[in-house]
Amino acid sequence: MEKQLSPDEKLEALWQGVLAPKDPQGNPLQFQSPEAKKAYQERILRFKDAIQMNKLPDRVPVTIFPSMFPWTSAGMTVQEAMYDYAKCAAAFKKFILDFEPDVQWLAVAPGPGKFYEILDYKLYSWPGHGVSPEHSYQCNEGEYMKANEYDALIQDPTGFFLNVYLPRVFGALGGFQMLPFFPGILEMYGVALNFIPFGLPPVQNTFKALFEAGGEALKWIGTVGSVDGELASLGFPALLGGFTKAPFDVIGDTLRGTKEVMLDIYRQPDKLIKAMEALTPLMIKMGVGSAQMTGHPLIFVPLHKGADGFLSDEQFKKFYWPTLKEVLLGLIEGGCVPLPAAEGGYSSRLDVVKDLPKGKTLWMIDLTDMGDVKKTLGKNACLLGNVPSALLNLGTPQEVKDYVKRLIDVAGRDGGLIVCNGAFFDQAKPENVKAMVDATKEYGVYN
Amino acid sequence: MSKELVKAIADMREGEALRLAREMAAGGSPPMEILNAAREAMGIVGQRYQEGTYFLPELVLAGEMLNQITDIVKPELAKLPEIKRHGKVVIGTVAGDIHDIGKNIVSFMLDVNGFQVHDLGVDVPPQKFVEAIRDFQPQVVGLSGFLTLAFDSMKGTVEAIKAAGLRDKVKIMVGGGQVNDKIQEYAGADAYGKDAMAGVSLAKKWVGDK
């Protein structure tokens, strides 16, 4: 029998994997120079030491985790970045080489515009489809899961997604409504009856759209994904292994919608909790599986509806945190580093979320006071953030430098800090973004 | 019975609130009495939100209860006189941005604090703000935005209001997402509100209400 690795061993295997990257053929990656190889490994270890909080890295790591900035700053529209994959890849590469952050977060943010068209994606508006060319895609909130569908989700989440949810958010996946009940495919007697839907035109049309969409996705990742190897060979590592979500946000963001999930807290709290419990193992599996597939340890967990002002303390403790905590611990158990992004303010949540195992998570902090975070959550978790978008947009390089210096003094003197933007941004003054990186390299050296 | 209705709504007992409203309507209570009770309850909800005991779930549920109760008395609604308001506010999420959670909270809180609110929705072009100011003649304009793109849209909206010769007719407040006083200055607005309560205070100050 194969030996079971402990969570720490699984994680260490991922770190060792990124430290010794491979090319697409599976051979050791050829670095473009010995200096590039050295820089690549130093950058990874800098992040690893900051996250694990066992020893101080050589300096405070710095990174840029933008949304559309790499493309808007290259003078492209978001539409171009979404439809011209080669241009998207080239601009991203130039962005990393110009700004020289310690870690890059992949060129995948714009995504493949054509792919969304093929599947008639209704969940988002994007340039040319409800949003102007220069603006980012945005979510169309809606009640994509009805109030009376909790039982269906709870009993069989995958079946609910296949038969009900996906046809609602992708116009071209209507044929999925007719798919058979797969756990009913058991014996030879009658087995063929299950496959009748695949002979019907709506299902066949859906599969045709899927083949086309799959081809487009492959074409896109073949282009934007090739940048990772190039950047690695030049000394810039990627650590992002995938993403997952807090079960409350899964329901509140894209299934029921904000208004409806808030009503469910009063109208059907037990079903809401049961549904979140049903989603929890799936959200763990999603993150762990994707870390294993990509070989990268960090699993991004954007946090939305638990921020200050959305829920009361009691509601946060009852509805939001228990399943999120389970997801975070499950990711750690699976050998990943969860990277929850506390978007907005999180002051009122710090005392609830602070007691996670030390050195196992990395928290992106947006508007919360970093001094407060450091004294609570920051005792156990490395913090990433929190240079404000307004400052990056409208400040001067000197103001950015001053901010970074204060940030390091307040939250980084004894480790556990990675300097970064606090929120995902599309626009900024390039010289301010550069100042954020340079100031960290200048002030962030540990003696 | 209207006291019980106020309490049921304010305490988030939806089933009981609707039952009471139906009973009152069936028993011949004037629609005005039922709606006044609902409005009084909204004031309490707003107060509790302001005090930090109520949050988004309560605001949403209160709004739902109000809608359902309005439906119950609707046949008579046409006869209702307009209630007295302290002032008028035009509000909207600026061009290019379709986020509305924060804006809706501000609208709700302005409404329960006695303002007549004209909510233009999301992705509102500057010209639409200008037209609304002309038609509705508010004292206050609220510009909301979540994404960084909103910074320029806010600036563009204020410029359009200025170009239309309406800048000195209104006070403009901005808020949402990454917005702060730096953005206020950049956009040329009069103030930045950190949250819904700040928005209400600004509006009250500007219309000369305590």
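Over all chains of this predicted model, the count comes to 40 salt bridges. Side chains of opposite charge can pair when their charged atoms come close. Let's walk through a few of these pairs, beginning in chain A.

In helix α9 of chain A (residues 201-224), A:Glu216 and A:Lys219 sit 3 residues apart, about one turn of the helix. Their closest N and O atoms are 3.9 Å apart, and the two form a salt bridge. The partners have contrasting surroundings: A:Glu216 is buried, at a relative accessible area of 8%, whereas A:Lys219, at 52%, counts as exposed.

Another helix of chain A offers a pair with a spacing of 4 residues. A:Lys434 and A:Asp438 meet through their side chains in a salt bridge of 3.7 Å, N to O. Because they are 4 residues apart in helix α19 (residues 430-443), about one helical turn separates them. Here A:Lys434 is partly exposed at 23% relative accessibility, and A:Asp438 is partly exposed at 29%. Chain A also holds a network of salt bridges, which links A:Arg43, A:Arg46, A:Asp58, A:Arg59 and A:Asp102.

Now turn to chain B, where the side chains of B:Arg167 and B:Asp190 form a salt bridge of 3.0 Å, N to O. This pair links distant parts of the chain: B:Arg167 lies in the loop between α7 (149-163) and β4, while B:Asp190 lies in the loop between α8 and β5, 23 residues apart. B:Arg167 is buried, with a relative accessible area of 15%, and B:Asp190 is partly exposed at 30%.

The strands that follow those loops belong to an open sheet of 5 strands in chain B, ordered β2-β1-β3-β4-β5 with parallel pairing. Its edge strands are β2 (115-119) and β5 (191-192), each pairing on one side only. Strand β4 (residues 171-175) pairs with β5 in the parallel sense over 2 bridges, and B:Met173 has B:Ala191 in β5 as its bridge partner.

Helix α8 of chain B brings us back to B:Asp190. B:Gln184, placed in this helix, counts as buried at 18% relative accessibility. Leaving aside neighbours within four places in sequence, B:Gln184 is in contact with B:Val174, B:Ala189, B:Asp190, B:Ala191 and B:Tyr192. B:Glu185, also found in α8 (residues 181-187), counts as exposed at 67%.

Back in chain A, strand β8 (residues 382-387) is largely enclosed by the rest of the structure, because 6 of its 6 residues are buried. It runs parallel to strand β7 (residues 362-365), to which 4 bridges join it. Within this pairing, A:Met364 stands opposite A:Leu384 of β8.

Finally, look at where the two chains meet. The contact takes 32 residues from chain A and 26 from chain B. About 2,500 Å² is buried between the chains, with carbon and sulfur atoms giving 63% of that area. A:Gln138, A:Tyr266 and A:Leu394 supply 25% of the area that chain A buries against chain B, more than any other three residues. Across this interface there are 4 salt bridges, and A:Arg267 and B:Glu14 meet in a salt bridge of 2.4 Å, N to O. Polar contacts between the chains come to 13 residue pairs. On the side of chain A that touches chain B, β3 (138-139), α12 (258-267) and α17 (389-394) each supply at least two residues. The largest share there, 7 residues, comes from α12 of chain A. That side of chain A divides into 13 nonpolar, 12 polar and 7 charged residues.

Definitions and conventions. Residues numbered from 1 in each chain as written. Chains lettered and ligands numbered in written order. Predicted model: local features only at pLDDT ≥ 70, side-chain atom pairs only at ≥ 80, totals over all residues. Heavy atoms only, no water. Buried < 20%, exposed > 50% of the residue type's maximum accessible area, 1.4 Å probe, protein only. Contact = heavy atoms within 4.5 Å. Buried area = accessible area lost by both parts, 1.4 Å probe. Polar contact = N/O pair within 3.5 Å; in protein donor to acceptor, adjacent residues only side chain to side chain. Nonpolar A, V, L, I, M, F, W, Y, C, P; charged D, E, K, R; others polar. Pairing = 2+ DSSP bridges.
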